[in-house]
Amino acid sequence: MSIIRTNITSSPTETPLIALGDEFTGNGGRIKKISIANFSDHADGATVNLFLEDASDVDFYIIKNVNIPKGTTLVLTDNIAFDSTLYGLKLYNTGTSPALTVTIS
């Protein structure tokens, strides 16, 4: 099983997680779970958008403007599969002193 892990420590920033055209090989090409952990010490937490983007730069949001408090993890397990030949998966975050780990399995 393939797992993608990405650490994000700058803000505001847009981070490609799975690029358009990349093949995710875990779980037969299907995403089972996405977790976003906020290990920052800043009290405001982190605000994140997780979205698909097509070749025309049109965004399709999975979550938008979700605040993840410090020391917590958001886990997504429902309706997150997509065709990576048509879409890329990206995360945009804002917040003071962000410290996020995104794990895709």
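Visitor: Which residues does alanine 37 touch, leaving out those up to four places away in sequence?
Guide: This is a predicted model, so take the contacts as computed from it. Alanine 37 sits in strand S3, residues 34-38. Setting aside residues up to four places away in sequence, its contacts are Thr72, Thr73, Ala99, Leu100 and Thr101.

Visitor: How far apart are the C-alpha atoms of alanine 37 and leucine 89?
Guide: Along the chain, these two are 52 residues apart. In space, the gap between their C-alpha atoms is 17 Å.

Visitor: Is serine 35 buried or exposed?
Guide: Serine 35 is another resident of strand S3. Beyond four places in sequence, it touches Thr73, Leu74, Val75, Thr101, Val102 and Thr103. Its relative accessible area is 15%. Because the cut-off for that label is under 20%, serine 35 counts as buried.

Visitor: Which strand gives the largest share of the largest nonpolar core?
Guide: That core has 21 residues, and those with the most contacts inside it include Ile34, Ile36 and Leu91. Strands S2, S3, S4, S5, S7 and S8 each supply at least two of its residues. The largest share is 4 residues, and it comes from S4.

Visitor: What does leucine 91 touch, not counting residues up to four places away in sequence?
Guide: Leucine 91 is among the residues with the most contacts inside the largest nonpolar core. Another residue on that list, Ile36, is also one of the contacts of leucine 91. The full set is Ile8, Thr13, Glu14, Thr15, Leu17, Ile36, Val48, Asn49, Leu50, Phe51, Leu100 and Val102.

Note on methods. Residues numbered from 1 in each chain as written. Predicted model: local features only at pLDDT ≥ 70, side-chain atom pairs only at ≥ 80, totals over all residues. Heavy atoms only, no water. Contact = heavy atoms within 4.5 Å. Buried < 20%, exposed > 50% of the residue type's maximum accessible area, 1.4 Å probe, protein only. Core = buried A, V, L, I, M, F, W, Y, C linked by side-chain atoms within 4.5 Å.
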